[in-house]
Amino acid sequence: MTDSTATTTDLDIRLEKHRTELTGYCYRMLGSSFEAEDAVQDTMVRAWRSYDKFEGRSSLRSWLYRIATNVCLDMLTAGNKRARPMDLTESTPLAQAALSPRPDHTWLEPMPDNRILPTVEDPADAAVAKETVRLAFMAALQQLPPKQRAVLILREVLAWKASEVAELLDTSVASVNSALQRARATLAEREEHGADAAVSDPLDEEQQKLLERYVKAFEGYDMTALTALLHEDAIMTMPPFDLWLTGHDDITGFMTTLGSACEGSRLLPVQVNGLPGFAQYKPDPEKGGYSPWAVQVLEISDGRLTGFHFFLDTQRWFPRFDLPLHLEGEADEVKEGR
């Protein structure tokens, strides 16, 4: 191996060590799992090509964050804001429910924990990291102007000093502090209009039992049991459709009418956005077995499910979560076992 090859390989290894945390940063900035990974790849390519100009005045990590921030700010110049259905429309009564899709770029996208949350030794740090990728917090970030978003993530999530952020953004400490103050005020307003999920990390015994009851109720399609698990103001969303429902009566009513094809589904656990989730497979009458239907993200508070969000574009999501696109088995076996 030549010296230049060894140097190139060493640089590749050093860059790759930062991929997961950079993906988490770009995901918080962009709200899209696919755009985040594209942004990180662009960052890596730019860093590799310009490494000979890197003078070492900052750490390699700080330099990569500078590049990643510029990539994200360039991608956000169009002013696009990812959203959840409840950020765009009013809740729809079941009697008026209609499935109207919107383009992919409209929606805040789910992300597997292992792609955005680096392994850390301190459980408290791990818990805080999970809180900052939950759907409600991600949706709040999307309401901030791009530079305020960057400042808040760098200061509040990654715990950078104001002077470090100022250097990264080529601005003053006073400007950074002002942007952070405005960003905090915006997030505080949103918190007044709905609390985030209160999920322990790791899940406590009560929450584990709640999820076990949920799996049993959903796979058994037992609406009475499911109603007992849902908060009276629970929310259900189904991107790419802009429909969202509020309250256990409308949710279970939807599941037994427009959503009745989900009966007999199987659920496999996934870790998504710092929250418990499931990959939902629906019975496939043509191929047999089960075909992907949704990545479910659950929100829990006060011992009840307060939100469950079904991301339906399974051809995109299931490979991202390393999930198979088909499960063997007979749907009738599930029905007979209920």
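In this predicted model, threonine 237 finds its bridge partner in S6, namely histidine 309. The two strands behind that contact, S1 (residues 230-238) and S6, run in the parallel sense and pair over four bridges. Histidine 309 gets a second mention on the S5 side, where it is the bridge partner of valine 297. Here the pairing is antiparallel, with seven bridges between strand S5 (residues 290-301) and S6. S5 and S6 make a hairpin with two residues between them, and aspartate 302 in that turn shows a positive phi of about 55°. As for S6 itself (residues 304-311), six of its eight residues are buried, so the strand is largely enclosed by the rest of the structure.

Some of these residues turn up again around the internal voids. Two cavities of 30 Å³ or more are found in the structure. The second largest holds about 50 Å³ of space, and both Thr237 and His309 are part of its lining, together with Ala83, Arg84, Pro85, Trp107, Leu108, Leu135, Pro239 and Phe311. By class that comes to seven nonpolar, two polar and one charged residues. The largest cavity has a volume of about 90 Å³. Among its lining residues are Trp107, Leu108, Pro239 and Phe311, along with Asp104, Glu109, Asp313 and Arg316. No polar residues appear in the lining of the largest cavity, which splits into eight nonpolar and four charged.

The charged part of that wall leads on to the salt bridges, of which the whole structure has 15. Arginine 316 pairs with aspartate 104, with 4.0 Å between the closest N and O atoms. This pair links distant parts of the chain, 212 residues apart: arginine 316 belongs to helix H15 (residues 314-320), and aspartate 104 to the loop between H5 and helix H6 (113-116). Both partners are partly exposed, arginine 316 at 24% relative accessibility and aspartate 104 at 38%. Through shared partners, salt bridges join Glu35, Arg82, Asp104, Glu109, Asp313 and Arg316 into one network.

Another contact in that network is the salt bridge between arginine 82 and glutamate 35, at 3.0 Å for the closest N and O atoms. Arginine 82 sits in the loop between H4 and helix H5 (85-88) while glutamate 35 is in helix H3 (residues 33-50), so the pair ties together parts that are 47 residues apart in sequence. Arginine 82 is buried at 4% relative accessible area, whereas glutamate 35 is partly exposed at 22%. Helix H3 also has a local example: arginine 46 and aspartate 42 meet at 3.2 Å, N to O. These two are four residues apart, so about one helical turn separates them. Arginine 46 is partly exposed at 34%, and aspartate 42 likewise at 30%.

Helix H4 (residues 60-75) passes a simple length check: at 1.5 Å a residue its 16 residues should span 22 Å, and the 23 Å between its end C-alpha atoms agrees with that. Its buried residues include Leu60, Trp63, Ile67, Val71 and Cys72.

The second largest pocket comes in at about 410 Å³. It is lined by 17 residues, with Pro118, Val120, Asp125, Ala126 and Ala129 closest to its centre. Helix H2 (19-30), H4 and helix H7 (123-131) each give two or more residues to this lining, and H7 has the largest share with five. The lining of this pocket divides into 11 nonpolar, one polar and five charged residues.

Definitions and conventions. Residues are numbered from 1 along each chain as its sequence is written. This is a predicted model: local features need pLDDT of at least 70, side-chain atom pairs count only at pLDDT 80 or more; totals for chains, interfaces and linings use all residues. Side-chain values use heavy atoms; hydrogens and water are left out. The expected span of a helix is 1.5 Å times one less than its number of residues. Buried means under 20% relative accessible area, exposed over 50%, partly exposed in between (1.4 Å probe, protein chains only). Two strands pair if DSSP finds at least two bridges between them. On a 1 Å grid over the protein atoms alone, a cavity is a set of points where a 1.4 Å probe fits but cannot get out, and a pocket is an open set with protein on both sides within 12 Å along at least five of seven lines; lining residues have an atom within 4 Å of a point. Grid points are joined across faces, edges and corners, and a volume is the space filled by probe spheres set on the points. Ala, Val, Leu, Ile, Met, Phe, Trp, Tyr, Cys and Pro count as nonpolar, Asp, Glu, Lys and Arg as charged, and the others, Gly among them, as polar. A salt bridge is a side-chain nitrogen of Lys or Arg within 4 Å of a carboxyl oxygen of Asp or Glu.
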